[in-house]
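Welcome! Here is a friendly walk through one protein model, taken a few residues at a time. Please keep the view open as you read.

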Amino acid sequence: MIAFITGATRGIGKEIALELSKRGFDIAVNYRKETSELEEVKKEIEENGVKSFFVQGDVSSFEDCEKMVENVEKEFGKIDVLVNNAGITKDGLIMRMKKEDFESVIDVNLTGTFNVTRNVIPYMIKQKSGRIINISSVVGVAGNAGQTNYSASKAGIIGFTKSLAKEVASRNILVNAIAPGFINTDMTKVLPDNVKENINSQIPLKRMGTAKEVAKVVAFLAGEDSTYITGQVINVDGGMI
Ligand code: NAD
């Protein structure tokens, strides 16, 4: 079985790559820029006795996605599971938000999810099976002041997921989304301590989640225990919503 994960050299994406590799998936990793992290991720994946393959590309570019998917197909001959994980934030109140900050977040998070999926889906339709797991966010479900761009992109992913699930169900392709709450990664590391404390106090479980706690739900949706689930959004948020 082959899993292709976007933005998988750190954070939640990396943990998804490791969790799926532990469960026997060969892993295709998309990364945007060469970094020192690549070798370490490759080593950690392959320690689980599976193959890894790395493809560079910006998910907001349709052409990059076309090339990446073609290369993964050439390497492994199929893609069983696609995880659209790559994402960015450019937070700010609407009064101060630049048009470019709105557009770039939509381009990466939402259009990026379309770009990769659009290129993977013909292969899944041909093989008459597949799983697509999109990483949304609780703020796409509930909203958050200062994140109109990010929330819109993540709510868009939910609509995309539900529509695609209906469109490709007859081809045995299951499409679901995960909406993580606050997860301890580089994305949330930048928050000041007092903000983090305030966030924790609003989470019923009183702590941020870990990337592994998200990765385990991805593994469930990618595996044999979820064959009758499609078009769903699973919140992994410590009870926030
Ligand atoms: P992160 O910043 O550590 O990782 C994001 C990854 O996406 C990085 O590897 C980055 O290089 C990659 N990426 C960014 N733009 C890209 C592009 N244009 N093309 C290809 N790759 C690109 O963040 P994370 O916390 O691991 O987030 C992973 C996903 O989970 C994101 O979609 C994020 O929105 C979502 N999420 C995170 C949290 C959280 O609290 N950390 C909560 C909800 C949802």
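## A first look around

Lys 78 has a relative accessible area of 30%, so this residue is partly exposed; here buried means under 20% relative accessible area, exposed over 50%, and partly exposed in between (1.4 Å probe, protein chains only). This is a predicted model, in which local features need pLDDT of at least 70 and side-chain atom pairs count only at pLDDT 80 or more, while totals for chains, interfaces and linings use all residues. Residues are numbered from 1 along each chain as its sequence is written, and side-chain values use heavy atoms, leaving out hydrogens and water.

## Charged pairs

Lys 78 forms a salt bridge with Asp 80, and Asp 80 is buried, with a relative accessible area of 7%. A salt bridge here is a side-chain nitrogen of Lys or Arg within 4 Å of a carboxyl oxygen of Asp or Glu. The structure holds 14 of these salt bridges. Three of them are set out below, including the one just met.

| Salt bridge | Closest N to O |
|---|---|
| Glu 15 and Lys 212 | 3.1 Å |
| Lys 212 and Glu 19 | 3.2 Å |
| Lys 78 and Asp 80 | 3.3 Å |

Lys 212 forms a salt bridge with Glu 15, and this pair links distant parts of the chain: Glu 15 lies in helix H1 (residues 11–22) and Lys 212 in helix H9 (residues 211–222), 197 residues apart. Helices (H or I, at least four residues) and strands (E, at least two) are DSSP runs, numbered from the N terminus. Lys 212 also meets Glu 19 in a salt bridge, and that pair again joins H9 to H1, across 193 residues.

How buried or exposed are these partners? Glu 15 counts as buried because its relative accessibility is 19%, and Glu 19 counts as buried at 2%. Lys 212, at 28%, counts as partly exposed. A wider network of salt bridges links Glu 15, Glu 19, Lys 22, Arg 23, Lys 212 and Lys 216.

## The nonpolar interior

A nonpolar core is a set of buried Ala, Val, Leu, Ile, Met, Phe, Trp, Tyr and Cys residues joined through side-chain atoms within 4.5 Å. In the largest one, of 32 residues, Ile 5, Ile 16, Leu 20, Ile 27, Ile 45 and Ile 178 touch the most other members. H9 gives this core its largest share, eight residues. Ile 27 is in contact (heavy atoms within 4.5 Å) with residues including Ile 5, Leu 20, Ile 45 and Phe 76, leaving aside neighbours within four places in sequence. A second, separate core has 29 residues, among them Leu 82, Val 108, Ile 132 and Ile 173.

## A buried asparagine

Asn 134 sits in strand E5 (residues 130–135). With 0% relative accessibility, Asn 134 counts as buried. The side chains of Asn 134 and Thr 161 are joined by a polar contact of 3.0 Å. Not counting residues up to four places away in sequence, Asn 134 also touches residues including Asn 84, Phe 160 and Ile 178.

## After the helix

One last stop is Lys 128, which comes just after H4 and takes a positive phi of about 55°.

Definitions and conventions:
Polar contact = N/O pair within 3.5 Å; in protein donor to acceptor, adjacent residues only side chain to side chain.
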